[in-house]
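This briefing introduces a single protein model for a reader at the start of structural study. Please keep the sequence and the structure in view while reading the points that follow.

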Amino acid sequence: MPSVEKIIEDEISSPSVFKEKHKLYPEYTPSSLPHREKQLKQLAQLFKSFFSSPGEEMQRVMLVGSFGTGKTVTSKLFGASASSLASRNGIRLKYVHVNCYKSRTLPQIIYNISLDLGITLPQRGLSAQELMRGLIEELERRNTYAIVALDEFDYFALMSSGLNSIYVLVRAYDEYVNKKKRLHFIFISRSISTLENIDPSSSTYFLKNIVEFSPYTYSELYDILKERADEALYPGVISDDELKYISMIEGYDKGGSGSARTALEILVRAGESADSEKRSSITLDDIRKAHVIVKPELAMLQDQVSALDRHELVLYLSVIKALKGSGSGFVRIGDVEKIYRVLCEAYNLQPRRHTQVYTHILELRSMGFIQTKSSGKGFRGKSTLIGISAAPLYVLESKVEELLKRE
DNA sequence: ATTACAGCGGTAAAGGGCGG
DNA sequence: CCGCCCTTTACCGCTGTAAT
């Protein structure tokens with residue numbers, strides 16, 4: 001029986017197929033972006049007037065495309081290049097990326113923008129308009145411009161008062177008519193239809209400058225995977241045929257989701273599978289195994305789940321457990337709350353009371369984690385029934401528990 | 001110090017729909 | 001049609017910050 005230390009040591013020092021694993025993670029921003037030249041060009045064109053006459057007008061651009069089509073990464077890369085280009089021209093331009101899942105209210109968003117810009121605004125006590133005024137004046141004082149990307153924008157727009165709030169952002173300069181327009185916006189959204197549904201009249205306001213991101217095809221995915229695999233894996237770990245196989249699985253023209261995110265995750269899991277069996281290369285079986293685990297819907301949830309705080313995670317876990325226990329497709333909100341109380345104890349949390357539980361449930365719903373419907377016959381009184389359609393419960397459960405353990 | 005005001009979370013009353 | 005029971009919401013108190 002080897003010592004614990006020995007076991008851990010062996011595991012850590014065992015060889016890996018990964019040279020730089022992090023380069024396969026969704027949050028990694030690669031230096032080049034295959035098959036997104038058109039979108040970058042469009043973005044550049046829309047911001048052209050900024051470079052010729054900064055501050056003259058406020059730019060508003062909307063990036064639209066389904067999950068894993070490179071919206072976020074394109075935006076970040078554009079922002080980075082734009083600001084370095086600007087600084088070469090003697091303009092101070094900063095790029096700020098805000099995730100609307102994490103910053104759910106307007107004041108939070110403004111606060112986070114200013115935080116990223118190195119501006120300290122109070123978190124409390126000030127209204128959104130006042131925060132906005134503070135931000136604008138500070139930009140003015142520093143002679144700085146900013147491109148603000150609002151990621152997962154459809155979620156923000158869906159929230160009650162979301163659309164009204166947007167005007168606070170976008171019309172902020174109405175009261176500074178002769179000041180330079182220092183704030184510019186990139187809205188990132190999964191689809192335009194959600195925005196159109198909310199408020200058709202004001203949607204035209206956002207839908208003027210649209211850059212579309214189409215799902216990746218088989219050959220496009222191959223190019224992306226090839227490039228990333230070269231950076232992240234040791235040479236010879238994976239063959240072209242195997243990369244093509246993954247591309248085939250996910251390629252939009254081959255009936256896949258067209259998501260680079262999912263394709264990359266399959267690559268990561270396949271690599272992990274090879275590692276765990278101490279093989280120095282990835283086999284087709286590794287990929288098949290990985291494919292079973294990595295479902296597009298799950299990969300989509302992955303980054304959203306990480307935006308949840310502990311209480312929301314525990315509550316989500318409660319929903320999962322309640323559903324597992326009931327065996328039926330739906331459970332009542334009250335049952336979920338009971339389980340939530342128990343789970344809080346297990347995770348050493350002071351349980352939130354009913355109001356908070358309720359609002360968190362609403363939030364989980366608007367983020368798409370759960371679905372709700374009103375109870376019909378067979379229930380006494382009115383009750384909200386909660387269901388999860390995203391993925392198999394046991395997979396979700398292990399994923400959420402893993403996240404909770406990470407503290 | 002005092003006022004004013006926003007977020008957060010809780011309490012309790014109001015609302016809503018079905019069984020009896 | 002009543003009463004029940006869970007959901008939903010109105011409102012309150014507490015805390016933290018800026019302006020006065």
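Helix H16 (residues 310–326) packs against helix H17 (residues 333–346), with an angle of about 125° between them and their axes 8 Å apart. The model is predicted. Besides this helix pair, the briefing covers a sheet of five strands and two residues with a positive phi, Asn143 and Lys278.

**The pair H16 and H17**

- The angle of about 125° makes H16 oblique to H17.
- The crossing of H16 past H17 is right-handed.
- On the side of H16, the contact is made by His311, Val314, Leu315, Leu317, Ser318, Val319, Lys321 and Ala322.
- H17 contributes Val336, Ile339, Tyr340, Leu343 and Cys344 to this contact.
- By residue class, the contact of H16 with H17 holds 10 nonpolar residues, two polar ones and one charged one.

**The sheet**

- Five strands make up an open sheet with parallel pairing, and their order is E2-E3-E4-E1-E5.
- Strand E2 (93–99) and strand E5 (210–213) are the edge strands; each has a single partner strand, so one side of each has no neighbour in the sheet.
- On average, neighbouring strands of this sheet are turned by 15° against each other, direction ignored.
- Strand E1 (residues 60–65) pairs with E5 in the parallel sense, over four bridges.
- Opposite Met62 stands Ile210, a residue of E5.

**Helices on the sheet**

- Helix H2 (residues 37–46) lies across E1, strand E4 (183–189) and E5, and runs at about 170° to E5.
- Helix H4 (residues 71–88) also packs on the sheet, where it touches E1, E2, strand E3 (145–151), E4 and E5.
- The direction of H4 makes about 160° with that of E2.

**Two loop residues with positive phi**

- Asn143 is located in the loop between helix H6 (128–142) and E3.
- The phi of Asn143 is near 55°, a positive value in a residue other than glycine.
- Asn143 counts as partly exposed because its relative accessibility is 42%, and the partly exposed class ends at 50%.
- Lys278 lies in the loop between helix H13 (260–276) and helix H14 (284–293).
- Lys278 is not a glycine, yet its phi is positive, at about 55°.
- With a relative accessible area of 51%, Lys278 is exposed, a class that requires a value over 50%.

Methods
Residues are numbered from 1 along each chain as its sequence is written. Chains are lettered from A and ligands numbered from 1 in the order in which they are written. This is a predicted model: local features need pLDDT of at least 70, side-chain atom pairs count only at pLDDT 80 or more; totals for chains, interfaces and linings use all residues. Side-chain values use heavy atoms; hydrogens and water are left out. Two strands pair if DSSP finds at least two bridges between them. Axes are lines fitted to C-alpha atoms, for helices over the stretch in contact, and angles run from 0 to 180 degrees between N-to-C directions. Contact means heavy atoms within 4.5 Å. Angles under 35 degrees count as roughly parallel, over 145 as roughly antiparallel, 65 to 115 as roughly perpendicular and the rest as oblique. A crossing is left-handed if the near helix is turned anticlockwise from the far one by less than a right angle, and right-handed if clockwise. Ala, Val, Leu, Ile, Met, Phe, Trp, Tyr, Cys and Pro count as nonpolar, Asp, Glu, Lys and Arg as charged, and the others, Gly among them, as polar. Buried means under 20% relative accessible area, exposed over 50%, partly exposed in between (1.4 Å probe, protein chains only).
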